[in-house]
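Visitor: I would like a close look at one charged side chain and its surroundings. Please start from that residue and work outwards.

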Amino acid sequence: MARGIKTQIESFLSGFFELIPKHLIAIFDSKELELLISGLPDIDIVDLKENTEYHGYEPNADVVKWFWEILEEMDQTQKANLL
């Protein structure tokens, strides 16, 4: 734990565990807990596509086009799992 913020982290955890007892969240790993708190991210495929750098492929290659078509058909959970 970072020494500079140890007091703040301990205070945060104390308040957090007051709301949700530690034994109730101990079954979750950090990724599962983040998902429970934040929910699924909204993945912007247009933004992702516009900011993708291709190495060894061209944006108009069939395999790249197929990738984007498949990605656009996925639901948010599938997109999150892929990324």
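At what relative accessibility does Glu 10 stand, and does that count as buried, partly exposed or exposed?

Guide: The model is a predicted one. In it, Glu 10 has 41% relative accessibility and therefore counts as partly exposed. The cut-offs behind that label are under 20% for buried and over 50% for exposed, with partly exposed in between.

The partner of Glu 10 is Lys 6: the two form a salt bridge in which the closest N and O atoms are 3.9 Å apart. A salt bridge requires a side-chain nitrogen of Lys or Arg within 4 Å of a carboxyl oxygen of Asp or Glu. By that rule the model has one salt bridge. Lys 6 and Glu 10 both belong to helix 1, and because they are four residues apart in it, about one helical turn separates them. Lys 6 is also partly exposed, with a relative accessibility of 41%.

Helix 1 runs over residues 6-19 and also holds Phe 12 and Phe 16. Three aromatic pairs are counted in the model, with ring centres within 6.5 Å as the criterion. One of them joins Phe 12 and Phe 16: the ring centres are 5.8 Å apart and the planes meet at 20°, so this pair is stacked. The spacing in sequence is again four residues, which means about one helical turn lies between Phe 12 and Phe 16. Their exposure differs in label: Phe 12 is exposed at 53% relative accessibility, whereas Phe 16 is buried with a relative accessible area of 16%. Phe 16 also pairs edge-to-face with Phe 17, at 5.8 Å centre to centre and 65° between the planes. Phe 17 counts as partly exposed, at 26% relative accessibility. Through these ring pairs, Phe 12, Phe 16 and Phe 17 are linked into a cluster.

Beyond helix 1, the surface carries a negative patch made of Asp 42, Asp 44, Asp 47 and Glu 50. Asp 42 sits in the loop between helix 3 (30-38) and helix 4 (45-50), and its 70% relative accessibility makes it exposed.

There is a nonpolar surface patch as well, formed by Ile 27, Phe 28, Leu 36 and Ile 37, which together have about 430 Å² of accessible area. Of these, Ile 37 lies in helix 3 and is exposed, its relative accessible area being 57%.

Further along the chain, Asn 60 is located in the loop between helix 4 and helix 5 (62-73). Asn 60 counts as exposed, at 54% relative accessibility. Measured off against His 23, to use a C-alpha to C-alpha distance, Asn 60 is 52 Å away in space and 37 residues away in sequence.

Key. Residues are numbered from 1 along each chain as its sequence is written. This is a predicted model: local features need pLDDT of at least 70, side-chain atom pairs count only at pLDDT 80 or more; totals for chains, interfaces and linings use all residues. Side-chain values use heavy atoms; hydrogens and water are left out. Patches are made of residues with over 30% relative accessible area and no salt bridge: like charges are joined within 9 Å, nonpolar side chains (Val, Leu, Ile, Met, Phe, Trp, Tyr) within 5 Å. Accessible areas come from the Shrake-Rupley method with a 1.4 Å probe; for residues, only the protein chains shown count as cover. Lys and Arg count as positive and Asp and Glu as negative; His and the chain ends are not counted. The place of a charge is taken as NZ of Lys, CZ of Arg, CG of Asp or CD of Glu. Helices (H or I, at least four residues) and strands (E, at least two) are DSSP runs, numbered from the N terminus. Buried means under 20% relative accessible area, exposed over 50%, partly exposed in between (1.4 Å probe, protein chains only). Rings of Phe, Tyr and Trp (its six-membered ring) pair if their centres lie within 6.5 Å; planes under 30 degrees apart count as stacked, over 60 as edge-to-face and the rest as tilted.
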